[in-house]
Amino acid sequence: MTDRSPAPDDDRAETETDVPDAGADAPVADATESSDEAESPEPATPESAEPESAEPDPHPIPEDRGEVLFYEPGGSWWVVAIGPVLIGAVLAMEISGPGQVHWPVLIIFGLIIIGFSVVQVIAARRHVSVELTELTLRQGVRIIALDEIDTIYPENNGPDAKDWESARALGELHGVPRRRRGIGLKLADGSLAQAWARDVQRFRRELTEAHTAVALGLPPRGSATD
């Protein structure tokens, strides 16, 4: 019998060589992945987002407001004349009297009265004036388009107060100014308000007619022939 020496275990060697060492390769893979993550740039974000398009105003103020239908200036310049009249009366009494004329006192007193009167008239003409045109209504410094008015309430002749009588007045003043009367309005956004004027009966008539014309889509009188 011939003894055979055992053949080298090539299959086992190849098997051991082909099988990867999981423990040795795992850290390398993790390091590679982490380095890729570190090197990959983050998605660029825009520095400034584009502004959203503003919604158009559903009730814009027209450039051509049409003819003026009703106007109250709010204050008259004749009030400024009260100061000079008073100073003139005091000056006449001092000249006709036995004493001397106190010119410095009269001048200072006159400047104070005139200055106060001028400030009062300017404030009244700015904040208490009313202007109604064919397309707009201005109360003080606030201007609204007539198509912003949904309803004009009738005058309240009953004993019970209406909701619109406690509503805020149009303009920058919280309530209806003194010596003026309010007209109840329901605006397009559902809120209640009060328009106001000194001659409230004529103002109500003109406002109602202008609002009806706007609701019917009638053009201003000046543009009828265009």
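**A walk through the predicted fold, starting from Arg179**

Arg179 sits in the loop that runs between β5 and β6, in what is a predicted model rather than an experimental one. The backbone of Arg179 has a positive phi of about 60°, although this residue is not a glycine. Its relative accessibility is 58%, and because exposed means over 50%, Arg179 counts as exposed. Arg179 also appears in the description of the largest pocket, where it is listed with Gly74, Ala124, Arg180 and Arg198 as lying nearest the centre.

That pocket encloses about 480 Å³ of space, and its lining is made up of 16 residues. By character, the lining residues divide into seven nonpolar, four polar and five charged. The largest share of the lining comes from helix α4, residues 103–127, which supplies three residues.

To place these elements in the whole, it helps to turn to the overall architecture. The protein has five helices and seven strands, and from the N terminus on its elements follow the order α-α-β-α-α-β-β-β-β-β-β-α. Of the 226 residues in the protein, 26% are buried. When contacts between residues at least 6 apart in sequence are considered, 66% of them join residues at least 24 apart.

The loop between β5 and β6 comes up again in the salt bridge, of which a search of the whole structure finds one. It is formed by the side chains of Arg181 and Glu155, with a separation of 3.0 Å from N to O. The two partners belong to distant parts of the chain, 26 residues apart, since Arg181 is in strand β6 (residues 181–187) whereas Glu155 is in the loop between β5 (149–152) and β6. How accessible are Arg181 and Glu155? Arg181 has a relative accessibility of 44% and therefore counts as partly exposed, and Glu155, at 30%, likewise counts as partly exposed.

Strand β6 also holds Gly182. Leaving aside neighbours within four places in sequence, Gly182 is in contact with Trp164, Val176, Gln194, Ala195, Trp196, Val200 and Arg204. For one of these partners a backbone distance is available: the C-alpha atoms of Gly182 and Arg204 are separated by 9.5 Å, with their positions 22 residues apart along the chain.

Trp196 leads on to another glycine, Gly140, which touches Arg126, His127, Ser129, Glu172 and Trp196 when residues up to four places away in sequence are not counted. Gly140 is found in the loop between β3 (136–139) and β4 (142–145). With a relative accessible area of 3%, it falls under the 20% limit, so Gly140 is buried. In space, Gly140 and Gly171 are 5.3 Å apart, C-alpha to C-alpha, although 31 residues apart in sequence.

What remains is the aromatic pairing, and the structure holds one aromatic pair. The rings of Phe70 and Phe203 have centres 5.1 Å apart and planes at 35°, so the pair is classed as tilted. This pair, too, links distant parts of the chain, with Phe70 in strand β1 (residues 68–72) and Phe203 in helix α5 (residues 200–215), 133 residues apart. Are the two phenylalanines, Phe70 and Phe203, buried or exposed? Both Phe70 and Phe203 are buried, whereas Arg179, with which this account began, is exposed.

Methods. Residues are numbered from 1 along each chain as its sequence is written. This is a predicted model: local features need pLDDT of at least 70, side-chain atom pairs count only at pLDDT 80 or more; totals for chains, interfaces and linings use all residues. Side-chain values use heavy atoms; hydrogens and water are left out. A salt bridge is a side-chain nitrogen of Lys or Arg within 4 Å of a carboxyl oxygen of Asp or Glu. Helices (H or I, at least four residues) and strands (E, at least two) are DSSP runs, numbered from the N terminus. Buried means under 20% relative accessible area, exposed over 50%, partly exposed in between (1.4 Å probe, protein chains only). On a 1 Å grid over the protein atoms alone, a cavity is a set of points where a 1.4 Å probe fits but cannot get out, and a pocket is an open set with protein on both sides within 12 Å along at least five of seven lines; lining residues have an atom within 4 Å of a point. Grid points are joined across faces, edges and corners, and a volume is the space filled by probe spheres set on the points. Ala, Val, Leu, Ile, Met, Phe, Trp, Tyr, Cys and Pro count as nonpolar, Asp, Glu, Lys and Arg as charged, and the others, Gly among them, as polar. Rings of Phe, Tyr and Trp (its six-membered ring) pair if their centres lie within 6.5 Å; planes under 30 degrees apart count as stacked, over 60 as edge-to-face and the rest as tilted. Contact means heavy atoms within 4.5 Å.
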